[in-house]
Amino acid sequence: MFGMSFGPKNVTVTDAHAKLGSDGHVLLDVRTHEEVRELHVPGSLHIPLDRLESEVAVLEIYSSIHVMCRSGGRSLMAANLLHNLGMTHAENVAGGITAWQAEKLPTK
C-alpha cells in the first residue's frame, strides 16, 4: 500500500508560481470565463471546470499540472477528476487566486 496515490496533493501558490513556465508544466485555471476576464495569472491555461472532462485531451502533453480556482474548492474537484482519469500528476493550488493575490504574485 505504500507509495499509492489516494488523491491530489496540495501545493502552495509560491510553489505553483516557481514552476510557472517550466517545460512540461501547466497552471490550469478552472474558473468561469467571467472570473478569468476580471483577473488571471499570465501564462496559465483556462479550461472552466464544467468543460474540463470534455477538453481533458489538451492536458495530455503535460507532465505536471497545478490546478487553480478562486479559493481552492473547484480546483480540488478538478484535480480529483484528473486523478480519476489517470492524470495523477495533477495537484491542487491551495487557496487559489485569492492566496495568489495575497502573496502579491503576478496577475493581469
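This report describes strand pairing, nonpolar cores and salt bridges in a predicted model.

**Strands around β5**

Strand β5 covers residues 90-93. β5 runs parallel to β1, and 2 bridges join these two strands. At this pairing, N10 stands opposite N92 of β5. β5 also runs parallel to β4, to which 3 bridges join it. Here H66 has E91 in β5 as its bridge partner. Between β4 and β5 the chain passes through α3, and the resulting β-α-β crossover is right-handed.

The residues of β5 point in two directions: A90 and N92 go one way, while E91 and V93 go the other. All four are buried.

**I65 and the cores**

Strand β4 spans residues 64-68, and I65 is part of it. I65 has a relative accessible area of 0% and is buried. Leaving aside residues up to four places away in sequence, I65 touches H25, V26, L28, L59, L82, M87, H89, A90 and E91. Two of these contacts, A90 and E91, belong to the set of β5 residues that point opposite ways. The C-alpha atoms of I65 and L20 are 10 Å apart in space, with their positions 45 residues apart in sequence.

In soluble globular proteins, nonpolar side chains tend to be buried together. Which members of the largest nonpolar core touch the most other members? They are L28, L52, L59, I65, V67 and L82, in a core of 15 residues. Two or more residues of this core come from each of β2 (25-29), β4 and α3 (73-84). The largest share is that of α3, with 3 residues. A second core, separate from this one, has 11 residues, among them V13, L27, L39 and I97.

**Salt bridges**

The structure holds 5 salt bridges. The table gives three of them, with the distance between the closest N and O atoms and the relative accessibility of each partner.

| Pair | N to O distance | Relative accessibility |
|---|---|---|
| E91 and K9 | 3.6 Å | E91 18%, K9 55% |
| D29 and R31 | 2.8 Å | D29 2%, R31 4% |
| R51 and E55 | 2.7 Å | R51 41%, E55 21% |

What does the salt bridge between E91 and K9 tie together? E91 lies in β5 and K9 in the segment before β1 (10-11), so the pair links parts that are 82 residues apart in sequence. E91 counts as buried at 18% relative accessibility, because buried means under 20%. K9, in contrast, is exposed, with a relative accessible area of 55%.

Are D29 and R31 buried or exposed? D29 counts as buried at 2%, and R31 counts as buried at 4%. Their closest N and O atoms are 2.8 Å apart. In the third pair, R51 is partly exposed at 41%, and E55 also counts as partly exposed, at 21%. The value for E55 is over the 20% under which a residue is called buried.

**E91 in several roles**

E91 appears in each of the sections above. E91 is the bridge partner of H66, is touched by I65, and forms a salt bridge with K9. Within β5, E91 points the way that V93 does, and A90 and N92 point the other way.

Technical notes:
Residues are numbered from 1 along each chain as its sequence is written. This is a predicted model: local features need pLDDT of at least 70, side-chain atom pairs count only at pLDDT 80 or more; totals for chains, interfaces and linings use all residues. Side-chain values use heavy atoms; hydrogens and water are left out. A salt bridge is a side-chain nitrogen of Lys or Arg within 4 Å of a carboxyl oxygen of Asp or Glu. Buried means under 20% relative accessible area, exposed over 50%, partly exposed in between (1.4 Å probe, protein chains only). Contact means heavy atoms within 4.5 Å. A nonpolar core is a set of buried Ala, Val, Leu, Ile, Met, Phe, Trp, Tyr and Cys residues joined through side-chain atoms within 4.5 Å. Two strands pair if DSSP finds at least two bridges between them. A crossover is right-handed if, with the strands pointing away from the viewer, the path from the first strand over the helix to the second runs clockwise.
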